[in-house]
Amino acid sequence: FSTHETHTPASDAGRTDLRLLRELGLTPTRVFDTQLAAGFTRCGGRIGLGDLAQTVLELKMDKSAATSDWRVRPLSATQLEYAANDVRYMLQMRERLLDELDRAGRSEWFADEMQELLRETADEGPADAERWTTVRRARKLRESPTAIAVLRALAEWRETTARTVNIAATLILSDDAVVQLSAAPPATLEQLGTVRAARGST
């Protein structure tokens, strides 16, 4: 989340950021979501921050620390640089994307979507028992009631555990791990160890 006193705050895929701000008693009335804006421009669809920076700013960002263990303290120099880069270029990308939205004649569309996002996140987020609805790629499991039941239980456990130890839920168990474990629940600890997405998650 990046801001300047004379500008609209900028965030990338900022739904979680907005919810965290709300929990701190802060409710922004305006924000610029770079990922949402990208969907209205030549970038299209869902695009990661690194790819977006390369497309919009022709800038290659080092994302090697993305899958590192952020629970270990102190954070490494590489991790600190990675975290800084997540906000360092945000305002530049916002200005470039604003120009692209104007040229494409989609500024009003984007503004409407941003207001909708602010309205949604101003409301209470889902209870722990409904956190499964926010797991990426959960739709892959919609044809299996058993998998959805496992998904709901895992997502609720992940959220509760994350709150207890005060770290992000995805550092407890990634979305990929939640989906993979829900699709094919391991019967033993040995089988759990073979699930690539779950290794090192807990």
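**Exercise 1. Classify the exposure of Ala-13 and describe its backbone in this predicted model.**

Solution. Ala-13 has a relative accessible area of 33%, and because that value lies between the 20% limit for buried and the 50% limit for exposed, the residue is partly exposed. The next step is to place Ala-13, which is found in the loop between β1 (10-11) and α1 (15-23). Its phi is positive, at about 50°, although the residue is not a glycine. As background, most residues other than glycine have a negative phi.

**Exercise 2. Carry out the corresponding analysis for Glu-58: where does it lie, and is it buried or exposed?**

Solution. Glu-58 belongs to the loop between α3 and α4. Here too phi is positive, at about 55°, in a residue that is not a glycine. With a relative accessible area of 73%, Glu-58 is exposed, because the value is over 50%.

**Exercise 3. Describe the peptide bond that joins Arg-73 and Pro-74.**

Solution. The bond between Arg-73 and Pro-74 is cis, with omega about 0°, and Pro-74 is located in the loop between α3 and α4. For context, most peptide bonds are trans.

**Exercise 4. Determine how helices α3 and α5 are arranged and which residues make their contact.**

Solution. Begin with the geometry: α3 (residues 49-57) and α5 (residues 90-104) pack at about 55°, and their axes are 10 Å apart. Since this angle falls between the 35 degrees that bounds roughly parallel and the 65 degrees at which roughly perpendicular begins, the two helices are oblique to each other. The crossing of α3 past α5 is left-handed. On the α3 side, the contact is made by Leu-49, Leu-52, Ala-53, Val-56 and Leu-57, while α5 contributes Gln-92, Met-93, Arg-96 and Leu-97. Sorted by character, these contact residues comprise seven nonpolar, one polar and one charged.

**Exercise 5. Count the aromatic pairs and characterise the pairs Phe-40 with Phe-110 and Trp-70 with Tyr-82.**

Solution. With ring centres required to lie within 6.5 Å, there are three aromatic pairs. The rings of Phe-40 and Phe-110 have centres 6.3 Å apart and planes at 75°, so this pair is edge-to-face. Because Phe-40 lies in the loop between α2 (34-38) and α3, and Phe-110 in helix α6 (residues 107-122), the pair ties together parts 70 residues apart in sequence. Phe-40 is buried at 16% relative accessible area, and Phe-110 is buried at 6%. Trp-70 and Tyr-82 form a tilted pair, at 5.6 Å centre to centre and 50° between the planes. Finally, ring pairs link Phe-32, Phe-40 and Phe-110 into a cluster.

Methods. Residues numbered from 1 in each chain as written. Predicted model: local features only at pLDDT ≥ 70, side-chain atom pairs only at ≥ 80, totals over all residues. Heavy atoms only, no water. Axes fitted to C-alpha atoms, helices over the stretch in contact; angles between N-to-C directions. Helix = DSSP H or I, 4+ residues; strand = E, 2+ residues; numbered from the N terminus. Parallel < 35°, antiparallel > 145°, perpendicular 65-115°, else oblique. Left-handed = near helix turned anticlockwise from the far one by under 90°. Contact = heavy atoms within 4.5 Å. Nonpolar A, V, L, I, M, F, W, Y, C, P; charged D, E, K, R; others polar. Phe/Tyr/Trp six-rings, centres within 6.5 Å; stacked < 30°, edge-to-face > 60°. Buried < 20%, exposed > 50% of the residue type's maximum accessible area, 1.4 Å probe, protein only.
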